[in-house]
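Trainee: May we examine a protein chain together and discuss how its charged side chains pair?

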Amino acid sequence: MHERGKSDRPVVPEKPSNKELGTPSSAEEVEGRGLAKGNSGEQNSDRALDRANLQSALTRIRQAAQKDKKLRFTTLWHHVYDIRRLREAFLSMKKKAAAGVDGVTWHQYNENREGNLLDLSERLKRGAYRAKPVRRKFIPKADGRERPLGIPALEDKLVQGVTAEVLNAIYEEDFLGFSYGFRPGRGPHNALDAVTVGLIRRKVAYVFDADIRGFYDAVDHEWLMKFVEHRIGDERVLRHVKKWLNAGVLENGKRTQTTEGTPQGSSVSPVLANIYLHYAFDLWAHQWRQKKARGEMIIVRYADDILMGFQYRDDAERFRQDLEERLARFKLELHPDKTRLLEFGRFAAENRKKRGEGKPETFDFLGFTHICGKKKSGKFAVLRKTIRKRMTAKLKEIKADLKSCMHQPIPIVGKWLASVLRGHFQYFGVPWNTYSISAFRLAVIRLWWQVISRRSQNGKITWQRMSRLARNWLPTARIQHPYPEQRLRV
């Protein structure tokens with residue numbers, strides 16, 4: 001097997017090593033369906049048994065990777081073409097996802113699911129599978145620009161998903177504790193908590209907010225394959241990774257070959273990006289912290305969003321210079337306008353006041369603006385507020401959708417808006433952010449009020465009636481997450 005060595009939504013138009021190499025800092029301690037109609041209990045039991053066997057196989061891979069950090073896995077491809085694993089991956093895919101260049105949707109593929117999966121498995125086994133180019137479309141960003149989004153063909157997405165699952169079983173034993181993005185059992189709130197606790201508990205006086213310019217479009221294929229080959233010796237896995245990287249992009253009927261970048265929107269892109277940054281940044285940054293930093297230093301990375309805290313300014317300045325040289329080696333660069341060093345921490349306000357300067361600057365990370373503040377007791381606190389641009393962009397989107405479904409019945413629109421609000425509260429409902437999520441709910445109610453009033457033949461409805469509708473259909477704004485230090489203790 002291996003070798004040693006090297007949302008219920010109204011109908012609207014479709015929109016165009018976990019184990020740290022050393023002792024982890026406090027900022028990184030966080031790193032720490034029913035029966036379907038017509039299915040028998042026996043079928044569900046068989047599927048549960050298959051799932052258990054599949055997970056057991058991944059567990060053995062994970063244990064081997066953990067036991068020997070220099071192990072190269074040479075026989076992995078049979079895990080990918082295993083029809084049981086393909087079936088599980090297919091059933092977990094989003095049923096309403098947009099189709100790729102092949103035009104095949106989940107429901108169309110599902111009409112002859114077992115036949116299609118068997119055919120795919122056989123093609124993977126004998127090497128007849130061919131990757132298709134990614135269909136590209138653009139989605140609006142909060143700053144008014146557009147972000148390119150890749151939509152792979154269904155079978156490509158399926159095979160990539162299974163491959164990513166196998167790769168994760170290996171690399172989860174290698175990735176460091178301060179890496180949070182797109183990893184099993186981790187999410188953005190873990191990274192946010194790590195940042196907050198690090199700023200509170202550690203001697204951090206400066207924050208370095210690093211932005212890698214166009215990271216997903218700049219990943220060098222040659223370097224990426226070298227990194228993957230550190231652990232993967234199965235030529236079939238390596239060949240298919242190359243296929244997906246070189247499949248190209250189809251835009252406006254024109255196919256373009258790609259020599260760099262990972263296919264955004266693909267199932268395998270997140271793990272490939274993490275592998276690239278693990279070798280290009282994580283291992284190097286960890287060693288820099290151990291060998292070159294004079295004072296304390298925290299690191300938190302979520303995909304290509306990197307945030308660091310330093311006790312001393314000269315540490316931060318030396319780190320930035322060294323980081324620029326390090327990234328250049330791997331064909332990456334810091335964005336000059338979005339990368340910045342700022343004074344932030346428990347003593348920032350007092351120090352700036354002594355120098356006759358204003359309040360400490362703020363920084364944005366994973367959807368939240370972070371602010372130097374104080375608790376009622378007077379102790380330093382990191383306040384987190386929804387980024388204003390992010391909220392404004394979401395409200396514009398809701399406004400457009402409400403206009404499109406103006407004549408839908410109240411219950412349908414109410415259920416959809418309720419699901420939108422629940423999703424918003426689930427992400428942004430963190431301590432100290434009550435005002436922002438309450439303001440968001442009120443703004444949604446006002447938008448709904450405007451739409452209902454426009455369609456009413458009796459003119460604008462009263463705010464009292466609108467308030468009753470809101471109470472009946474929309475959830476109240478509540479904090480969904482514990483304080484970071486509470487979650488860290490758990």
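Mentor: The following exchange concerns salt bridges in this chain. This is a predicted model, in which local features need pLDDT of at least 70, side-chain atom pairs count only at pLDDT 80 or more, and totals for chains, interfaces and linings use all residues. Residues are numbered from 1 along each chain as its sequence is written, and side-chain values use heavy atoms, with hydrogens and water left out.

Trainee: How many salt bridges does a search of the whole structure find?

Mentor: Side chains of opposite charge can pair when their charged atoms come close. A salt bridge is a side-chain nitrogen of Lys or Arg within 4 Å of a carboxyl oxygen of Asp or Glu. Searching the whole structure gives a total of 30.

Trainee: Asp-174 forms a salt bridge with Lys-69; how many residues apart in sequence are the parts that the pair ties together?

Mentor: The closest N and O atoms of this pair are 3.8 Å apart. Asp-174 lies in the loop between helix 6 and helix 7, and Lys-69 in the loop between helix 1 and strand 2 (helices are DSSP runs of H or I, at least four residues; strands are runs of E, at least two; both are numbered from the N terminus). The pair therefore ties together parts whose separation in sequence is 105 residues.

Trainee: Is Asp-174 buried or exposed?

Mentor: Buried means under 20% relative accessible area, exposed over 50%, and partly exposed in between, with a 1.4 Å probe and protein chains only. Asp-174 has a relative accessible area of 10%, so this residue is buried.
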